Amino acid sequence: MISFLIYKAILVGVIFAITLFVAAYSTYAERKVAAFLQDRIGPDRAGPFGILQPLADGMKFIMKEEIIPNVSNKLLFVLGPSIAMLTALMAGVVIPWGSKLTIGGETYILQIVDLNIGILYVFAVVSIGVYGIMIGGWASNNKFSLLGAIRASAQMISYEIGMGLSIIALIMMTGTLSLREITELQAGGVGNDWNFWNVVTQPVGFVIFLVCAFAECNRTPFDLPECETELVGGYHTEYSSMKLGFYLFAEYINMFVSSAVISTLYFGGYNFPFMNNLGMDQNAITIIGTVVLFGKIAFFIFFFMWIRWTVPRFRYDQLMNLGWKILIPLAVINIFVTGLFGIF
Amino acid sequence: MLTNRSKLVVKKEMTFWEKIYLPAILSGISITIKHLFRKGATVRYPEKKREISEVWRGQHVLKRDEKGAERCTACGLCAVACPAEAITMVAAERKKGEENLYREEKYASTYEINMLRCIFCGLCEEACPKEAIFLTDRIVSTDYGRGEFVYGKDKLVEPVDQRIDVSKRQTPEVLQFKKLKQFSHNK
């Protein structure tokens with residue numbers, strides 16, 4: 001029992017640290033990718049190639065003056081970024097980061113909890129994330145913040161439906177909600193055991209999920225809740241210092257978790273081609289698999305940024321049109337088609 | 001119409017392929033990814049300096065003559081010529097015993113150029129009858145306050161032991177021009 005607790009505690013600590021590390025360096029990557037896509041150099045003053053930039057940014061956020069507006073609701077004002085950060089971190093719990101390690105006869109799975117309703121848990125936690133934005137925007141007592149919060153909640157609720165429906169088709173195929181089982185079903189691939197990643201059998205579902213993930217993370221082209229050109233800063237207009245930092249950080253953690261979920265659901269998670277043909281022992285395969293998973297995640301984080309500097313922001317009515325009139329019907333059709341394939 | 005690049009804007013119905021956005025987005029991301037591998041135009045300035053021309057118009061210098069006396073005689077032609085009105089000066093009379101400091105009987109006791117106003121056009125250099133002011137290839141450095149950008153004689157006059165070479169600015173055409181009797185003031 002004690003060893004079980006220690007193993008889980010270590011795993012939680014490691015995943016927490018990795019999540020924060022990846023989120024911190026996403027901010028750096030964001031600025032670098034933006035710079036390279038615009039033929040610039042980007043931050044390169046703090047350390048070699050500017051790799052200490054996230055530390056400098058974090059330092060700046062902590063040192064800055066913390067302003068809580070007089071007219072705001074103090075408790076909710078502090079609660080908003082806390083919830084945003086908390087829920088962003090919680091979603092990483094059910095993601096299978098690797099297969100299993102065997103150390104001294106004991107088998108350890110590289111996942112904090114293997115919930116049998118894993119994907120449902122992710123959706124539940126992401127839905128709570130809206131509260132952080134809503135509470136923050138509401139408590140600021142500022143018109144721009146409120147508008148941003150309203151936009152955020154309307155957008156996230158709308159796109160959650162499309163996202164959920166796109167997942168149903170996938171669940172109909174796999175017959176399980178557990179993220180680990182979904183990953184195991186995609187094991188193998190090219191090699192002896194012919195098996196495809198889910199993206200091959202569910203391309204439409206993948207595209208819908210990807211678009212909805214962009215909307216859920218408030219990333220361009222769906223960054224209407226915080227568009228600087230219209231709403232000053234959106235829901236975090238009144239925030240300063242580390243509370244603003246938490247909101248921005250939560251966005252990057254969400255991006256990381258979304259990339260992990262996309263990789264797990266549609267791109268085979270920690271599986272990689274030829275994994276059963278290498279003739280290596282399980283531990284080595286597991287470690288390579290984890291590295292491969294992080295490679296996939298890194299690609300999707302890059303993809304998020306790549307899209308940001310390619311596609312301009314939608315108008316709000318276009319956003320709602322896309323969500324309700326295109327993505328949701330498309331997801332429903334996708335479910336029907338998947339069902340038909342399941343019968344025949 | 002002059003450039004032949006104007007396009008007539010037509011608000012037409014989008015076709016199905018245009019309506020689903022995805023092909024357009026794909027072509028868009030293929031354009032942006034090309035820029036990822038393109039070499040940027042940025043120059044990392046303090047470490048690496050851009051190559052500049054020999055007749056680059058940068059920070060001014062007030063020249064001294066061969067004996068080390070200031071050439072400027074505070075005639076004010078540079079201030080009159082200056083389109084940005086960046087130059088101010090106060091003239092003073094040379095005292096006895098200052099012949100080694102100032103070349104003529106009249107000199108500038110203060111001479112200030114506001115580098116924030118200056119547009120580095122070089123008209124002051126052209127106007128100067130005494131070949132006293134020249135623009136050099138030095139770049140005016142940054143500072144925190146506006147006051148620091150008003151350069152006085154301490155920053156403008158060249159030190160006796162560190163002469164600043166402006167012979168590059170004296171191109172053959174310029175020398176030819178200065179040989180003309182009707183323009184030569186410096187005899």
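In the hairpin formed by S1(A) and S2(A), two residues lie between the strands, and A:Gly104 adopts a positive phi near 60 degrees. The model described here is predicted. Strand S1 (residues 100-103) and strand S2 (residues 106-109) of chain A run antiparallel and are joined by four bridges. Across the hairpin, A:Ile103 stands opposite A:Glu106 in S2(A).

Beyond this hairpin, chain A is built from helices. Its secondary structure comprises 12 helices and two strands. Read from the N terminus, the elements follow the order α-α-α-β-β-α-α-α-α-α-α-α-α-α. The overall dimensions of chain A were then examined. A compact globule of 344 residues would have a radius of gyration near 20 Å, and the 21 Å of chain A agrees with that value. Taken along the principal axes, the C-alpha atoms of chain A fill a box of roughly 65 × 50 × 45 Å.

Two helix pairs of chain A illustrate how its helices pack. Packed helices are described by the angle between their axes and by the distance between the axes. The first pair is H1(A) and helix H2 (residues 53-63) of chain A, whose axes come within 9 Å and cross at roughly 105 degrees. This angle makes H1(A) roughly perpendicular to H2(A). On the H1(A) side, the contact is made by A:Ala24, A:Tyr25, A:Thr27 and A:Tyr28. On the H2(A) side, A:Gln53, A:Pro54 and A:Asp57 take part. By class, the residues of this contact are four nonpolar, two polar and one charged.

The second pair is helix H8 (residues 203-216) and helix H12 (residues 316-343) of chain A. Their axes come within 10 Å and cross at roughly 150 degrees. Angles over 145 degrees count as roughly antiparallel, and H8(A) and H12(A) are therefore roughly antiparallel to each other. The crossing of H8(A) past H12(A) is left-handed. H8(A) contributes A:Val204, A:Gly205, A:Ile208, A:Val211 and A:Cys212 to the contact. These residues meet A:Leu327, A:Leu330, A:Ala331 and A:Asn334 of H12(A). The contact of H8(A) with H12(A) has seven nonpolar residues, two polar residues and no charged ones.

Chain B has another make-up. Six helices and five strands form its secondary structure. From the N terminus, the elements of chain B run α-α-β-α-β-β-α-β-β-α-α. The radius of gyration of chain B is 26 Å, well over the 16 Å given by the globule rule for 187 residues, so chain B is more spread out than a compact globule. The C-alpha trace of chain B spans about 90 × 40 × 30 Å along its principal axes.

Chain B also contains a sheet. This open sheet has three strands in the order S2-S3-S5, with antiparallel pairing. Strand S2 (87-93) and strand S5 (150-151) of chain B are the edge strands, each pairing on one side only. Seven bridges link S2(B) to strand S3 (residues 106-114) of chain B in the antiparallel sense. Within this pairing, B:Glu93 has B:Lys106 in S3(B) as its bridge partner.

Finally, the contact between the chains was considered. Here 11 residues of chain A are in contact with 11 residues of chain B. Helix H1 (2-37) and helix H11 (282-308) are the elements that give two or more residues to the side of chain A that touches chain B. That side of chain A divides into seven nonpolar, two polar and two charged residues.

Note on methods
Residues numbered from 1 in each chain as written. Chains lettered and ligands numbered in written order. Predicted model: local features only at pLDDT ≥ 70, side-chain atom pairs only at ≥ 80, totals over all residues. Contact = placed C-beta atoms within 7 Å. Nonpolar A, V, L, I, M, F, W, Y, C, P; charged D, E, K, R; others polar. Axes fitted to C-alpha atoms, helices over the stretch in contact; angles between N-to-C directions. Parallel < 35°, antiparallel > 145°, perpendicular 65-115°, else oblique. Left-handed = near helix turned anticlockwise from the far one by under 90°. Pairing = 2+ DSSP bridges. Rg over C-alpha atoms; globule rule 2.2 N^0.38 Å.
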